[in-house]
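Here's a quick briefing to read alongside the coordinates. It goes through salt bridges, a pocket and a couple of strand pairings.

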Amino acid sequence: MTAPTTKRAWKLQEFVAHGANVNCLALGHKTGRVMVTGGDDRKVNLWTVGKPNCIMSLSGHTSPVEAVRFGNAEEMVVAGSMSGALKLWDLEQAKIIRTLTGHKANIRCLDFHPYGDFVASGSLDTNVKLWDIRRKGCIFTYKGHSNGVNCLRFSPDGRWVASASEDMTVKIWDLAAGKLLVDLKQHSGAVNSIEFHPSEYLLASGSSDRSIRFWELEKFQCVDCTDYDNNAIRSVVFHPDGACIFGGSTELLKVYGWEPSRCFDSVNMSWGKVADMAIAQTQLIGASINQTTVSTFVLDLTRVAPLGQVPSTPLPLSSSGRKNFTPDRPSTTSTKQQIPKPAEEPEEPGSILDDATEDNSSVADVKDLKEYEEVFKPNHKLALSPPRKMDPFPAPKEDDVSVANQMKSLAPFQPAVGSTKPSGSETYRGESRIPPQYRAPSLPPQQPAAPYQPPAAPHQSYQTPSNKPAGLDPADFMPPQQPSTMAIGDYDALGQMSKGHNSMSALLAARNKNLQIVRAMWSSGNVRTALESAIQMQDNSVIVDVLNVLNDKPLDWNLDVIDLLILPIYKLLISRYEVHVMVACSSLKLILKTYSTLIRQNLAPPARLGVDISGEERHRRCVNIYKHIQDIRHCIDSKKYQRGKLENTFREIQLLLNHLDT
């Protein structure tokens, strides 16, 4: 018998990373073996990939942590919070270096300059800031995006910084000139991830429009675009030799080439909300977030095309003849000259004192001293010291049964940070969260593992000639009866109930957090910004809550609000939850009753002499609203004969839609 083959992609581990929801995650891209996470519990936790215990926990933030990033040598970590503050930590000394303040909203992304002591941060306030770590201040603020910044990357030569935004654009900023170099606009959805080619003048951008675009950086034009994926592209990373690029979506990891665009390989990862990817020797490490848990995944690159087909060798020259980034680090003098002088942003009086106070309250708690000294305090500063050798993660066999799946029903509930569920199986998604002893068996049970249930009526009541199916015994389909001696203990029962309770508590806490953000923006008068934030959260329950408020305040509706919400309303109409459909129908009826005449009158362009900016903007909005209403019409037509509570509602909406065209 031939030995079973090993998997080329597998789930390495799953563990509870924080006591509250995990908001952000980053891998160390130098080794691919360290990971940092930030959460709603306002802590920054550090981990070794593949090991269950937290190495060190960094505290001091006064609001949830929403962005984290390792330094290029993995000797530092920077973390940004919802309040707009950054904290920089020295991992070797286990102490805080700086607290930097200046952003007016959540920090969404961070990156370290490849050479100088500089950090860039992107925020929900639409600004990109460049910080000097040594001088403890903001050097420059780059303004130009119209929505939150999702991703930042410095170019390999350190001359530029690229920013990707929810406004569907990628902007490249010249650090020496302190100004916008180019604005790249061909994406049709939010841009989630960007990455510079390791050597060529090439930039890749992954977007919610489900594509990756490749931008040539001499003429600043799009030279290629991948075929559309099934889901939004969440993360992209080039192979170190630049031969291909990896694009991660919710379900798949695809390996792409460009000029011409082609997909070399596709691997079903089913990792969900993938947050970061890194290359470690012959393996790709990916990490994803799901509420309070973090999962890590491994892909064997030697079994992935094109890397597994031919030896992966560095490409000395681009086949396109494209210019390369200067690989050498510039001198200290030229680096200082290239960085722009501080912008006219005087520091507020007392901010230094405030930062010093915050620094004193920031604590680095080493959880695993042995692992900490091995990972963050090796004698790597000596040039003659050989680097620590790290073997690849061993691949599980194709027919191995997941240890996590075997032990899941036996392990007691442990909400403590660091509890792991290692797995070598790819079948972890879609499993029931209900403990096995509570599941109703579809076949006669093999083991008496079911809990005690109250005695049911005798089976003879199901076997009368009037209701007994021919050839079938209803007793085979009934839950098995167990004697009272099989009742589970109070501790076990509470543990099982706690699982569902904690999951629901985490879900409601996340929803409450999102609603508080929307409420804060709404209360300050930024209704449009509040609605845009609610939509970006991609949480239908938040949209339903917002629509309920608006439905009770008809005067708050206008064309601008309708233009923003008409697409989310359509998505709610096709939801499988009846309450979502009912709220969407209420909003749609209000819109059609109040604004159908105005929408119909503004479908034609304004026929006035000169420039009528307000009329053109009204026309644009009405056309967009009408387009989505046509999609809604098709949805309503398919539902109008549906029986139930919504039957009359769908018919009423159909009549209102007919009125729109008259």
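A salt bridge here means a side-chain nitrogen of Lys or Arg within 4 Å of a carboxyl oxygen of Asp or Glu. With that in hand, D117 and R134 make the list, with their closest N and O atoms 3.8 Å apart. Keep in mind that this is a predicted model. By the salt-bridge rule the count comes to 22.

**Salt bridges, pair by pair**

- The D117–R134 pair ties together distant parts of the chain: D117 sits in the loop between β10 (107-112) and β11 (118-123), while R134 is in the loop between β12 and β13, 17 residues apart.
- Neither end of that pair is buried: D117 is partly exposed at 35% relative accessible area, and R134 is partly exposed too, at 44%.
- D265 and R8 also meet through their side chains, in a salt bridge of 2.9 Å from N to O.
- That contact spans 257 residues, from R8 in the segment before β1 (9-16) to D265 in strand β25 (residues 262-268).
- Buried or partly exposed, what is D265? It has a relative accessible area of 15%, so it counts as buried, the cut-off being under 20%.
- R8, its partner, comes in at 24% relative accessibility and so counts as partly exposed.
- D157 pairs with R159, and here the closest N and O atoms are 3.7 Å apart.
- Of these two, D157 is buried at 7% relative accessibility, whereas R159 is partly exposed at 34%.
- There is also a network: R528, E532, D560, D563, E617, R620 and R621 are joined by salt bridges that share partners.

**The β12–β13 hairpin**

- Strands β12 (residues 128-132) and β13 run antiparallel and are joined by five bridges.
- One bridge to look up is K129, whose partner in β13 is T141.
- Four residues lie between the strands of this hairpin, and K136 takes a positive phi near 60 degrees.
- R134, the salt-bridge partner of D117, is in the loop between these two strands.
- Strand β13 (residues 137-142) is mostly covered, with five of its six residues buried.

**A four-stranded open sheet**

- The strand order is β18-β19-β20-β21, and the pairing is antiparallel.
- Which strands stand at the edges? They are β18 and β21 (221-225); each has a single partner strand, so one side of each is left without a neighbour in the sheet.
- On average, neighbouring strands of this sheet are turned by 25 degrees against each other, direction ignored.
- Four bridges hold the antiparallel pairing of β20 (residues 212-216) with β21.
- Within that pairing, E216 stands opposite Q221 in β21.

**The second largest pocket**

- The volume of the second largest pocket is about 790 Å³.
- Its lining has 29 residues, and H29, R69, N72, E195 and F196 are the ones that lie nearest the centre.
- Elements giving two or more residues to the lining are β6 (65-70), β10, β14 (149-154), β18 (191-196), β22 (235-238) and β26 (273-280).
- One of those contributors, β18, is also an edge strand of the open sheet.
- How do the lining residues divide by character, and how many are nonpolar, polar or charged? The split is 15 nonpolar, nine polar and five charged.

Note on methods
Residues numbered from 1 in each chain as written. Predicted model: local features only at pLDDT ≥ 70, side-chain atom pairs only at ≥ 80, totals over all residues. Heavy atoms only, no water. Buried < 20%, exposed > 50% of the residue type's maximum accessible area, 1.4 Å probe, protein only. Pairing = 2+ DSSP bridges. 1 Å grid on protein atoms, 1.4 Å probe; cavity = no way out; pocket = protein on both sides within 12 Å on 5 of 7 lines; lining within 4 Å. Points joined across faces, edges and corners; volume = space filled by probe spheres on them. Nonpolar A, V, L, I, M, F, W, Y, C, P; charged D, E, K, R; others polar. Axes fitted to C-alpha atoms, helices over the stretch in contact; angles between N-to-C directions.
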